[in-house]
Amino acid sequence: MDEVYYDCWKSNPNISEWMAEKNMTDYHQLEAYYSSKILQIAKDLNKKVTVWQDVYDNGVRPEKTTQIQIWKDEAIGFSKWSHYLNDITSNGYPVILSSPWYINFVSYGFQEWYKHYLIEPMANFTGDAEQAKLLRGGEACLWSEYVDGANIEARLWPRASPIAERLWSPSDINDPEEAKFRLDEQRCRLLRRGIPASPILNGYCGDYEYGMKKSVIFEPEFNYDWLKNENKIPNTNESLRTKINKYFILILAFICFF
């Protein structure tokens, strides 16, 4: 529960009347009330809960087994994520960090994975060793405002891979110039498995590139037995050439017309 659209609640006279009966004057109070009720239901069911930091920011203090997931950052108009990390863990809550790893953000001419790879969660941490243990890990987020089935795999991979490597590695494994070769190899590995991962470098994955004869991207079974099934794999390279020729003719026609 996060980013509640308060104007929707404001438009409902029944909600306004109910808030007045409960002596509530602010919609943050209403959201906190709702959060508290949901958390109590989860507790009664003996379930562990992870909530977005909005619940904590609204003043709700759930059981200390509740994990708080941090998504706010100065890049989107809030305080720096390290501020929230220090504050929430100082109050004894375990934390999952997501703020620096929003992979739905795309910048032209810049590979965001460099920035993601350089993140060190403990760089500005001010707590003690016990407090540091409350940072349980991180999670990459890919929101779907501009993502659907047509581009989700290319947007997700291999951009989630450097985040995974950093989270699973010691803090001194943090050089993107060194990592880019491993990640380029990982990208080719993904292509071989039929996943249309975006490029890391200007490299080339050989016969397994998208559209090449041995690519399995268009094969529903993702068959790896190349020798036995060579004749069953469609000649996607030929279809690619055909498409390029068509586009080239269209471009020529457009230029001639104008």
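A salt bridge here is a side-chain nitrogen of Lys or Arg within 4 Å of a carboxyl oxygen of Asp or Glu. By that criterion, a search of the whole structure finds eleven salt bridges. The model is predicted.

**Figure 1. The whole protein chain is built from twelve helices and four strands.** Of its 258 residues, 36% count as buried. The chain exposes about 16300 Å². Carbon and sulfur atoms supply 55% of that exposed area. Among contacts with a separation of 6 or more, 54% come from residues 24 or more positions apart.

**Figure 2. Four strands form an open sheet with parallel pairing.** The strand order is 1-2-3-4. Strand 1 (50-52) and strand 4 are the edge strands, and each pairs on one side only. From one strand to the next, the twist averages 25 degrees. Strands of a sheet pair through backbone hydrogen bonds, either parallel or antiparallel.

**Figure 3. Close-up of the pairing between strand 2 and strand 3.** The two strands run in the parallel sense and pair over three bridges. Gln69 has Ile96, in strand 3, as its bridge partner. Strand 2 spans residues 67-70 and strand 3 spans 95-97.

**Figure 4. Helix 5 lies across strand 2, strand 3 and strand 4.** Helix 5 runs at about 170 degrees to strand 2. The helix covers residues 81-90 and is mostly covered itself, with seven of its ten residues buried. The buried residues are Trp81, Ser82, Tyr84, Leu85, Asn86, Ile88 and Thr89. Their cover includes three strands: strand 2 (67-70), strand 3 (95-97) and strand 4 (135-138). Helix 4 (54-57) and helix 7 (129-132) also belong to that cover. After helix 5 comes Gly92, whose phi is positive, near 90 degrees.

**Figure 5. Five residues of helix 9 are buried: Ala160, Ser161, Pro162, Ile163 and Arg166.** Helix 9 spans residues 160-168. What covers its buried residues includes three helices. These are helix 6 (112-117), helix 8 (152-156) and helix 10 (176-192). Helix 10 returns in Figures 7 and 8.

**Figure 6. A salt bridge joins the side chains of Lys72 and Asp57.** The N to O distance is 2.8 Å. The pair links distant parts of the chain, 15 residues apart. Lys72 sits in the loop between strand 2 and helix 5, whereas Asp57 belongs to helix 4. How do the two partners differ in exposure, buried or partly exposed? Lys72 has a relative accessible area of 10%, so Lys72 is buried. Asp57 has a relative accessible area of 33% and is partly exposed. Side chains of opposite charge can pair when their charged atoms come close.

**Figure 7. Within helix 10, the side chains of Lys180 and Glu177 meet in a salt bridge.** Here the N to O distance is 2.7 Å. Both residues lie in helix 10, three residues apart, about one turn of the helix. An α-helix has 3.6 residues a turn, so residues three or four places apart point the same way. Lys180 is buried, because its relative accessible area is 15% and the cut-off is under 20%. Glu177, at 38%, is partly exposed.

**Figure 8. Glu178 and Arg182 form a salt bridge in helix 10.** The N to O distance is 3.4 Å. The two residues are separated by about one helical turn, because they are four residues apart in helix 10. Both partners are partly exposed: Glu178 has a relative accessible area of 48%, and Arg182 has one of 33%. Salt bridges that share partners join Glu165, Glu178 and Arg182 into one network.

**Figure 9. Ser36 and Val60 bring two parts of the chain into one view.** Their C-alpha atoms are separated by 6.8 Å. Along the chain, the two residues are 24 residues apart. Ser36 lies in helix 3, which spans residues 27-44. With a relative accessible area of 36%, Ser36 is partly exposed.

Technical notes
Residues are numbered from 1 along each chain as its sequence is written. This is a predicted model: local features need pLDDT of at least 70, side-chain atom pairs count only at pLDDT 80 or more; totals for chains, interfaces and linings use all residues. Side-chain values use heavy atoms; hydrogens and water are left out. Buried means under 20% relative accessible area, exposed over 50%, partly exposed in between (1.4 Å probe, protein chains only). Contact means heavy atoms within 4.5 Å. Accessible areas come from the Shrake-Rupley method with a 1.4 Å probe; for residues, only the protein chains shown count as cover. Two strands pair if DSSP finds at least two bridges between them. Axes are lines fitted to C-alpha atoms, for helices over the stretch in contact, and angles run from 0 to 180 degrees between N-to-C directions.
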